[in-house]
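Q: Please take a close look at one part of this model. I would like the contact between the two copies, with the symmetry behind it.

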Number of protein chains: 2
Amino acid sequence: MTAQFTFSVDAADGPARRGVISTSKGDIATPAFMPVGTAGTVKAMLPEHVRATGADIVLGNTYHLMLRPGAERVAALGGLHRFMNWPHPILTDSGGFQVMSLSKLRKLTEDGVSFQSHIDGSRHMLTPERSIEIQCLLGADIQMQLDECPAIPIAEDDARESMLLSVRWAERSKRAFEEKSAPGQALFGIVQGANYETLRRESLDRLMEIGFPGYSIGGLAVGEGRGEMFRVLEFTCPHMPADRPRYLMGVGKPADIVGAVARGVDMFDCVAPTRSGRHGQAWTKSGPVNIKNAKYADDPEPLDPASPCPASRDYSKAYLHHLFRAGEYLGPMLLTWHNLQYYQDLMEGLRAAIAAGRLGEHIAAFKAATGETLV
Amino acid sequence: MTAQFTFSVDAADGPARRGVISTSKGDIATPAFMPVGTAGTVKAMLPEHVRATGADIVLGNTYHLMLRPGAERVAALGGLHRFMNWPHPILTDSGGFQVMSLSKLRKLTEDGVSFQSHIDGSRHMLTPERSIEIQCLLGADIQMQLDECPAIPIAEDDARESMLLSVRWAERSKRAFEEKSAPGQALFGIVQGANYETLRRESLDRLMEIGFPGYSIGGLAVGEGRGEMFRVLEFTCPHMPADRPRYLMGVGKPADIVGAVARGVDMFDCVAPTRSGRHGQAWTKSGPVNIKNAKYADDPEPLDPASPCPASRDYSKAYLHHLFRAGEYLGPMLLTWHNLQYYQDLMEGLRAAIAAGRLGEHIAAFKAATGETLV
């Protein structure tokens, strides 16, 4: 633990790297998966169980927290770490992505984006400066610049215009961060440019000129498909600075993560394990399980008898099936927990394989066990 | 732990007693509060946390479990203890009360009660024999006879007719239990008779003639009010055998329990702590808290900073308020946990006060702290 934000790589296997991010709130082993704690809670999970799965860091959503309970309120209560009883590192997004996907009557200008809350219709304005102010009020250890995240496909001219706006917002975000942030906190720039190689390169070059301690890859997992996403990573990652963490935002399913790690990504977040868990979908070493399926009604086996995770080990599939059929809280609680354990085990397996120089075999085994072909 | 069901009283203070029920699954310190695990789960709770609050036993509902997932299925999966990952004692009701309150098109005859499932409309018949068969399939350590539970007020003639039916069902239940049960399990008879002293006495006398290792008091907390309930306990408990546990079914709020313990009751169950917890209502040492109330939005204090229970100690009221406002799973999870801890602390306090011969002072302090007048 340190008051400085640092990143060190201690092993590599091809483009894949294993390392450690240090923050004032603790270390983060990379490649890292960050469970999503949208509104100040990883849904249906106790924070001590999130930690017990092996998670070093969770994500909070600026959009949700600014609207409810409000950033100033969280700050007055001692910051997001204390508020949600999570003393370990927290990353926040800028709020921009969710303004565009969740709010009403939004209007984008050079200054920022104005919008109406989806909760109560109240009017708000999110600028690069206000986003950083909110993230600092929350006390996030890793913060994101405000950016625009266009859908794919998009015409190249439009993609470039949007990317350049994000770069201008990156500069403004950095200035605001230098004013408001605390020691040990870090601001990441976000590489945009849709699926255009020249635009991704230009975005990255301009961000590196501004200078950030870490770089996010935004604008992916927006419908372009796994193959296209991997193609973008293949022409982007090799040009990213080797000594800074690379964060692929909003990704993904296990095969997405495995493939992106192999292409040099260090950090991930996704609602998949938590959202799927609430809806009865579990990942297991032998592939997906839809626990609501009638075939599990009499299945006495747990999801993973060898797991140290109580949710994976101590309850039969028949019981989990019953809980979902009966609409009981405990079903989403246990399946979320199981899925988060699965994801952290996935990351631990990748880190160990990179350190051992056997990532290729590890990925081959993953493909064989899960039936995934594109990894 | 023993293969015999036993009950011993080790201290008394007036009519109140402290004791221990032993079952093959473990001991139960009395006076005991049993959290309700309706459908094979204490709602929104992990079983290890139910246990950590101090609960020695939980209740399962025969009506719910027979309909979903089905008693034969639970038996095939190793019984209810294994199914719900609760290796400690379990008490089941007979199903009769919930047939009358939840099912459709029910018809009561001498044989039993036929009804339609509230879940899928399927037709079922619950007789004294089938109720016991189900409770034995579930593997309940303490089982209840099928009874009829009329509302109060009820005319004395009708109440007597109903009580006599329950007595005949008690006999049939006992015969079925002797055939189907396992060593260490116990069947309780249920005293009925509405709020008529002569009927309660007659019911008790007839049940004692049949002979049971424990006696329940049914047909209370059905709208008669706390004062009337206490009056029934006052003319019923003194005639109940001193060497058998007394179980007041479906009761109650903290003041109900304190008052009933003072009148000689040993066992309680109620959905109050779990249901209220899911709806944002907490009990605390200084009275009730409606956590959704706006006044808690900025309250940095936890519900009980001195509690060993994480739910009571590690989260501010402001955070709990936020969770309920945002509709997050964690709100009901934490408030249920807190309430169950409050109830178990209440029981522990009563047991200690009885042992120390200072129940009167203890109740006076309870009244002063909570503002309750009728205890």
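A: The symmetry comes before the contact here, and a sheet follows.

This is a predicted model: local features need pLDDT of at least 70, side-chain atom pairs count only at pLDDT 80 or more, and totals for chains, interfaces and linings use all residues. Residues are numbered from 1 along each chain as its sequence is written, while chains are lettered from A and ligands numbered from 1 in the order in which they are written.

A turn of 180° with a shift of 0.0 Å along the axis lays chain B on chain A, at an RMSD of 0.0 Å (least-squares superposition on C-alpha atoms of residues with pLDDT of at least 70 in both copies). The two copies are thus related as by a two-fold rotation axis. In chain B, the C-alpha nearest the axis belongs to Tyr329(B), 3.9 Å from it.

The contact takes 29 residues from chain B and 29 residues from chain A; contact means C-beta atoms, placed from the backbone, within 7 Å. On the chain B side, α3 (71-76), α13 (317-325) and α14 (330-356) each give two or more residues. Helices are DSSP runs of H or I with at least four residues, strands are E runs of at least two, and both are numbered from the N terminus. α13(B) gives the most, with five residues. Because 100% of the interface residues of chain B are also interface residues in chain A, the copies meet through the same surface.

α14(B) also packs on a sheet, touching β1, β2 and β3 of chain B. That open sheet has the order β1-β2-β3 (chain B), with antiparallel pairing; strands pair if DSSP finds at least two bridges between them.

Technical notes: Contact = placed C-beta atoms within 7 Å. Axes fitted to C-alpha atoms, helices over the stretch in contact; angles between N-to-C directions.
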